[in-house]
Amino acid sequence: MASAPFPPVAASAASAPPRLAPRHPFAAAAASRRSSLSFRPAAPRRPVLLPPRSSAVAANTLRCTHRRAVSPRSRRRAQGLGAASALAASAWGTGEEKGGCLSCFPKSRRGRSGLARFAPCALPHASGVSFRSRLSGFKVRPSHILRAAGPDEPHVASPTWSDTSLDTPDMDHAISKEELEDVLNTPLPEHPKLIRGQLKNGLRYLILPNKVPANRFEAHMEVHVGSIDEEEDEQGIAHMIEHVAFLGSKKREKLLGTGARSNAYTDFHHTVFHIHSPTKTKEYGEDLLPSVLDALNEIAFHPKFSSSRVEKERRAILSELQMMNTIEYRVDCQLLQHLHSENKLSNRFPIGLEEQIHKWDPDKIRRFHERWYYPANTTLYLVGEIDDIPRAVREIEAVFEHTLSENEGNLVPSSSPFGAMASLFAPKLPGGFAANLSGEKSPATDKIKPVKRERQAVRPPVEHKWSLPGVSQDAKPPAIFQHELIQSFSINMFCKIPVSKVQTYKDLRSVLMKRIFLSALHFRINTRYKSSNPPFTSVELDHSDSGREGCTVTTLTVTAEPQNWRSAIKVAVHEVRRLKEFGVTMGEMTRYMDALIKDSEQLAMMIDSVPSVDNLDFIMESDALGHTVMDQLQGHESLLGVAETVTLEEVNTVGAEVLEFISDFGKPNAPLPAAIVACVPRMVHVDGVGETEFEIYPEEITEAIKSGLEEPIYPEPELEVPKELITQSELDELKLQHKPSFVPLTKEENVVKVFDSETGIAQRRLSNGISVNYKITQNEARVGVMRLIVGGGRATEDSESKGSVIVGVRTLSEGGCVGNFSREQVELFCVNNLINCSLESNEEFIFMEFRFALRDNGMRAAFQLLHMVLEHNVWLEDAFDRATQLYLSYYRSIPKSLERSTAHKLMLAMLNHDERFVEPSPHSLQKLTLQSVKDAVMNQFVGGNMEVSIVGDFTEEEVESCVLDYLGTVRAASSPNTEERIEKISFRPFPSDVHFQQVYIKDTDERACAYIAGPAPNRWGFATEGNDLFNVIQRSDADEISEQVNLDLTGKRRIDVRSHPLFFGITLSLLAEIINSRLFTTVRDSMGLTYDVSLELNLFDKLDLGWYVIAVTSTPSKVHKAVDACKGVLRGLHSSRIVERELDRAKRTLLMKHEAEMKTNAYWLGLLAHLQSSSVPRKDVSCIKELTTLYESATIEDLYLAYEHLKVDDSSLFACIGIAGAEAGEDTNDEEPDMDLHGMAPMGGRGFSTMTRPTT
C-alpha cells in the first residue's frame, strides 16, 4: 500500500558487486555506506546478483541517531554497499542527502538494485562441484566440503556431489578454447537448503532455513496478480483488494499480541502479504507457524468484502493516492510512460484512478478476487529459523491443501511444470507474454459467471520494443516534462533489452565483465570531473534487470543546474564514447576485478549472518528474473572460477555493447534509445535577474548529444595507486616524535583500561586525549566498523558563521584529498582495501564512519586514512565553491516541495528562527569563506573532544596496535570549551503569531500535509535552560518510593527506572510507540482523515533540549480536521489512559528490534557512542547492559511521569499546514524556506514511487 523509497533512476554502474550475498548497512542510525572515500553523497543501492547481507536499522534509546540537518532520507535506505560493491561511487559520502523514513514504509523492500540486477542470485548453496576446480583439474578443495547440507548439519558434505567432484589427476595441458566454452556452459549450482514444492491444488511454496534473526521467521504470500492484470474499468482494484483482505482479517489481528508484524503491498505484477513472526509464543512456547499460515490463508483466499470495510479502505486509498502524488511520483510516472509507451506499464500504476476507486461496489471487487486469488496463482515463501522442514511442509499442507475456491477448475495435473522441487516459473510465451494455463484471458465484466480462472506468470505479461542493433523502428524524439515544482535539470537515456538469465558460468562471467567495465566509467566521471568544478551535479549509468518491468534497462542519467544542461550532456556522452572506443586499461581491469573478488569473499564469510527478509527478497526477485539462486559461499567460488578466464579484450567488447545506444547515437543500425526523457523546471533563478522562464526543445537535446559525441577523445592514462598512505619509516618517525601510549581514563583512578565482561566493551584513553571504545564480536566475519565522533557540530555556529560547519564538512568531503594524495588516488586506495568512508555533521557532532575488511591489513589501511584526514586534510577553493553551490541549490528547492517548505517554516517558528537547525540561507552562505569554514570544522578536531569506537572481528592486539600507531600519533591539543561557544537555543515563547502557520504552493494537483511539534527533554533528562528534570522526578517521588524491589512476581530482575539516567530515553520511546499506534487507529482507521500519520522523537544527547514531531498527510478539505485529531490523540492520554496491553505491545516492539540489531556491528557502534564523552556525562556501560531490563521494568506510571514533560499544551505546541493546488492562496510568511524532517517521502528510482504504500 505504500511506495517504499527506492534507488534513484540511474544507479551507479558499479554501485554493487555481483550479488553473491545480501549486505549490511554501514552507518549506525541512518547513514548509508559510501564506497571508497569520496564525500560526495551517493544513493545507496542493493546489489542484485549476489544475495543480501544483514541489515541494521537502529531503533533504541541509546543509539546515536545522527539527525540530518538537510535531509533525513537515509534512515530507510541504509542498504550499505561493500567497497567493491560501490566500486566507482564517490567515496567520502556525506549524509545530508540520504533517504528519509516513514514509519509505514517497508525497510529494504524489493526494488531495483542498481547495477547488480544483472547478476545471479547467490544464497547458501552446497554443491560439491567447483567451477574453479574443474578448470584446474577437478580437484575438490576443503572449502567445498565444509558446506551446510541442512539446517542442523553445519559441517557435513553435501549429498549433491556429482562424479566429477571426486579427485582426478591434474590436467597438465592448457585448457583449449573449446574445453573452456564447454566448462563455461556448465549450469551454476543451485541453492542446497532452498526447498521448493507444490501442493495438489497448485500452490507453490519455498522454504529456506535461516537463523538470523534468531527465533523468528518470515512468511510471505505472493499472489501473482497486480495492476497489469486490471481491465480498463478496474484500475486500482488489485490494490483495493489488498487493503480489504489484509485489514479485514481477524486471524491476522490475533497475531498482533505475539510480537508478529505484518504488512502488504501491490505492484504491477504481484500483491504480497507478509508476516514477520516469532517462532513461538513468549508465554507458553506454542508454535506460531500454524497461526501465521492460517492468517495468510484467510487474507488471500477467504476475505470478507463487507460494505463497511470496503468504504473504510476506499477512504484510506484515496488518502494514499493524494499522499503519493508528489512531484517525485509524477516524474516516475513520466519516465515509465515514455519508457514503456508500447505496453500497459505506461498506464497501469498500482494506486489506480481516483474516479474509478469511487465507483466500485463489493460485488465488483469480489469478482476480481475470484478471478485471480486461488492457490495455483500464488507462491508461499517461508524463510527463518525453521529447523523441522518436514513438519513445516505438513503445516502448509494442513492449512492450504483443501483451499479450493468454489469456481476453481480442475487441479493442476502432476505433469505440471510446477511439480515439487521444480522451477518456480510458469511457462511463458515468446515475447514475454504469460502462458495461460487455464484458458484465454477474459475481460473483467460484471456479467461473467462463473468467473474464469486465469493463471499468471511470475512477472508481468507485457510486450516490449527492444533497443537492439539493426532493429527497424522509428526513433522517438526526446520527451520533455516541465513542471513548476521541478528544481534542477535531469535527463534519462534508456536502452531496453530482454533479461539475460544468469544460469551458467558463462552468464556470470558476462556479468563480471560488465561490472568491471561500468565501474571504470563511473569512477572516471565522478572522480576526475569532481576535481574540476564539473558542469553536472551527477552522472550515473545503471545497467540492471528489472523484475517488475520484465526487462533489462540501461540508463544514463545526467543531472545539472538548468543553465549548465548542454555542457553536462556533452561531458557525459563524451566520456561514454571514450570508454567505448578505447576501453578500460589493464590497471583498471586488475583493480576492479580484485576489488570485486575481495568483496565477494567478504560476503561469503558472512553467510550465516544474513537476515531472513533479505534472503527472501533476493530469492523472490531472482526467481522472477530466472537467475540461478546460489548462496554467498557458492557465489564466491563461482566468481573466482570465472575471474580466471576473463581477458581485457573481452571486457572491452562486452562492455562496449552496453554503451552502443549512447556512443553510436544517430548512426545507422545503432540500437535506438527506448526513450530520452528530460525533466526540467518551468522557471529558473538567474543571478541579477531573478526568476525567468526556462526554455528547452527536443531538437536542442538531440544536438547536445551529437555535439558531445563529436568532441575529440584520448586514451585513459594509467593512475598510480598507493599501497599505503603512511609508510613504515614514516610511522616509525611519528612514534618516536609523539611516543603514543595509553593513559588512565580518569584523573581520580589510575586505571588505563576498563573492560566489561558482560558486554565485551573495552575503554581506553590515549596520551593525546582521544578516547577509544572497542568491542570484539563475530557478528560479521572478518569485518570491522569504526566511528570518530567530534563534539560540537552545527550548534557551535554563531550568528556570523551560520552554515559554516555543514558547508565545511561538505567542502572537506568534496575535495577528497589527503596529504600529497589526489582524490583519485585516495578513492582507489579505498577500493583496493575494501574501505567505505563517510563524513557527516549534525546539530551536535561531526562524525566520520568507516567500514573495512579485516584481511590484507584492511584495518590498518582504514586507520591510516583516519590519521591522514586528522593530520593532513586538504582544503580546496573549488571544493568550497561546489559545497556552497550545493546548499544554495538546496535552499532554492525548498519552495518547490510542499513537505520541505512546511517543515522548514515550522522549525523556524518553533526554534525562534535559529538557522542551525535548517539549511543555511543564501545570505548566510555569501558570508562564508574557505578559511572560515575550515576553522569552524578543524577547531572541533582536538584530542579531548574526539572519541573513536571500533567494533568487529579483530583481536585485542590488532586493534590496540592500530589505535596506538595511527590515533596515538595524532598531535595532542587541549580540548576547547565548546560549551561556552554555543549560543543559546530556545523555543519561541507564547504568545506569537507563528504558533500556527500555513504554507501554500501552486501545483497542478491538490495535496496537503501538516506538521505538529513541541518541546521535549533530551535523552538524559535535561530541558531548555539546562533544567535537570531528575531533580523534579526525585521531589515528586520522595513520598512514593521507599525501597527498590529487585525481583517481580515472575522472578525477573527489575530496575528503578526513575533513578536511571536513561529514564527519559526509555519512557519517551515507549510513549512514542503507543501514541503512534493510537494515531493510526484513530486518525487514519476510524476517522479516515489520512493515510499516513506518525510521531517521531528527536532527543539530543549533548544539547539540553529535544522535540517531537507529528507528520500527517491529507487533503486540503480534511487537513485541518486531521491536525485537530492528532492534537486530540497527543493530549488524550489522560482522558483515555494507557492500559497494560498497549504498554506490553510497545515493549515487545522495541525489545524485538533491540534483540535483532544486537547481531550487527553498526548497531553496537551506536551503542558505544559517547561512552567517554564529557558532554554526555550520564552515559556509561550500565546504560547498555541494562537496556532490556529497563524496558521490561517501565510501568504505566513511569510513562505518565515522562509524559508530563512532553509539552502538548497550546502555549507550547507549534503547527504548520501545507496546501498545494492550482487555487492555493498566497504564503503570507516570507521567512526563508528546510529541514527535511524525518518522515518525508524520499524520491525513488525509476517507477518505484508508483508501488503502493504498505498497508500499515
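This is a short walk through some of the salt bridges in this structure, which is a predicted model.

Let's start with the overall count: the structure holds 54 salt bridges. A few of them are worth visiting one by one.

Our first stop is the pair Glu234 and Arg371, whose closest N and O atoms lie 3.2 Å apart. This pair joins distant parts of the chain, with the two positions 137 residues apart in numbering. Glu234 sits in the loop between strand 6 and helix 4, while Arg371 belongs to helix 10. Are these two residues buried or exposed? Glu234 counts as buried because its relative accessibility is 2%, and Arg371 is buried too, because its value is 4%.

Now look at Arg330 and Asp1005, another salt bridge, with the closest N and O atoms 3.6 Å apart. Here again distant parts of the chain are linked: Arg330 is in helix 8, Asp1005 is in the loop between strand 25 and strand 26, and they are 675 residues apart. Arg330 has a relative accessible area of 9%, so it is buried. Asp1005, at 27% relative accessibility, counts as partly exposed.

The next pair stays within one helix. Glu814 and Arg810 form a salt bridge whose closest N and O atoms are 3.1 Å apart. Because they are four residues apart in helix 20, about one helical turn separates them. Both Glu814 and Arg810 are buried.

Finally, salt bridges can also join up into a group. Which residues are linked in a network of salt bridges? You can find Arg524, Glu575, Arg578, Glu588 and Glu716 connected in this way.

Key. Residues are numbered from 1 along each chain as its sequence is written. This is a predicted model: local features need pLDDT of at least 70, side-chain atom pairs count only at pLDDT 80 or more; totals for chains, interfaces and linings use all residues. Side-chain values use heavy atoms; hydrogens and water are left out. A salt bridge is a side-chain nitrogen of Lys or Arg within 4 Å of a carboxyl oxygen of Asp or Glu. Buried means under 20% relative accessible area, exposed over 50%, partly exposed in between (1.4 Å probe, protein chains only).
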